[in-house]
Amino acid sequence: MKKLALSLIFTACICAGADDRPDKKVAPDLIAAILQSLTQQPPIQVIVQWKKTPTAALHAKVLKLGGTLVTSLPSINGGVYLIPPPIATLLALDPEVTYISPDRKTTAKLDYTAAAVNASAALSL
């Protein structure tokens with residue numbers, strides 16, 4: 001029953017007709033994770049971007065919904081949270097939320113920077 005209610009809330013959010021629709025605030029791959037989570041409930045790590053620098057009150061909104069603050073990201077007005085997947089839909093309804101995305105893995109891409117700027121020529125001067 002709980003899964004049915006969550007899926008109905010999620011569907012209603014996607015079908016809403018306003019310009020500030022919640023589905024515009026949630027990354028497509030996170031929507032897929034939410035739909036998959038209706039059968040599985042492992043928590044996921046997400047980045048929530050707020051309209052202003054995150055405060056204790058904004059972090060508390062996530063905590064009240066069952067999330068955990070991992071770290072604050074004031075440079076992007078956001079925070080990293082560990083949340084149950086359906087919570088992303090409820091957070092998207094909050095007017096203070098700008099965007100929600102999964103905390104994706106990144107890798108260093110500075111392998112060829114010295115060659116790209118011809119550093120050896122500069123060092124030989």
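How many residues sit between strand 2 and strand 3 in their hairpin? Four residues do the job, and we'll come back to one of them below. Keep in mind that this is a predicted model.

## The overall layout

Let's begin with the parts list. The protein has six helices and four strands. Walk along the chain from the N terminus and you meet the elements as α-α-β-α-β-β-α-β-α-α.

Now for some totals. The protein has 125 residues, and 32% of them are buried. About 7800 Å² of the protein is exposed, with carbon and sulfur atoms supplying 64% of that area. Contacts also reach across the sequence: take those between residues at least 6 apart, and 71% of them join residues at least 24 apart.

## The sheet

The four strands form an open sheet, lined up in the order 2-3-1-4, with antiparallel pairing. Strand 2 and strand 4 are at the edges with a single partner strand each, so one side of each has no neighbour in the sheet. On average, neighbouring strands are turned by 25 degrees against each other, if you ignore direction. As background, the strands of a sheet pair through backbone hydrogen bonds, in a parallel or an antiparallel way.

A helix joins the picture here too. Helix 3 lies across strand 1, strand 2 and strand 3, and it runs at about 150 degrees to strand 2.

## The hairpin and Asn77

Look at strand 2, which covers residues 68-73: this strand and strand 3 pair in the antiparallel sense over five bridges. If you want a spot to find in the structure, Leu73 stands opposite Gly78 of strand 3.

In the loop between strand 2 and strand 3 you'll find Asn77. This residue has a positive phi of about 55 degrees, although it is not a glycine. Is Asn77 buried, exposed or partly exposed? Its relative accessible area is 23%, so Asn77 counts as partly exposed, given that buried means under 20% and exposed means over 50%.

## The nonpolar core

The largest nonpolar core has 18 residues, and Leu30, Val48 and Ile100 are the members that touch the most others. Several elements each supply at least two residues of this core: helix 2 (28-36), strand 1 (44-50), helix 3 (56-64), strand 3 (78-83), helix 4 (87-92) and strand 4 (97-102). Helix 4 gives the largest share, with four residues.

Val48 is a good one to click on. Setting aside residues up to four places away in sequence, Val48 touches Asn77, Gly78, Gly79, Tyr81, Leu91, Val97, Tyr99 and Ile100. So the list of what Val48 touches includes Asn77 from the hairpin turn, as well as Gly78, the residue opposite Leu73.

## A buried Asp in a loop

Last stop: Asp94, in the loop between helix 4 and strand 4. Why does Asp94 count as buried? Its relative accessibility is 12%, and the cut-off for buried is under 20%.

What does Asp94 have around it? Leaving out neighbours within four places in sequence, Asp94 is in contact with Lys25, Trp50 and Lys61. There is also a link within the local stretch of chain: a polar atom of the Asp94 side chain lies 2.7 Å from the backbone nitrogen of Glu96.

Notes. Residues numbered from 1 in each chain as written. Predicted model: local features only at pLDDT ≥ 70, side-chain atom pairs only at ≥ 80, totals over all residues. Heavy atoms only, no water. Core = buried A, V, L, I, M, F, W, Y, C linked by side-chain atoms within 4.5 Å. Buried < 20%, exposed > 50% of the residue type's maximum accessible area, 1.4 Å probe, protein only. Contact = heavy atoms within 4.5 Å. Pairing = 2+ DSSP bridges. Axes fitted to C-alpha atoms, helices over the stretch in contact; angles between N-to-C directions. Areas by Shrake-Rupley, 256 points an atom, 1.4 Å probe, with all protein chains shown as cover. Polar contact = N/O pair within 3.5 Å; in protein donor to acceptor, adjacent residues only side chain to side chain.
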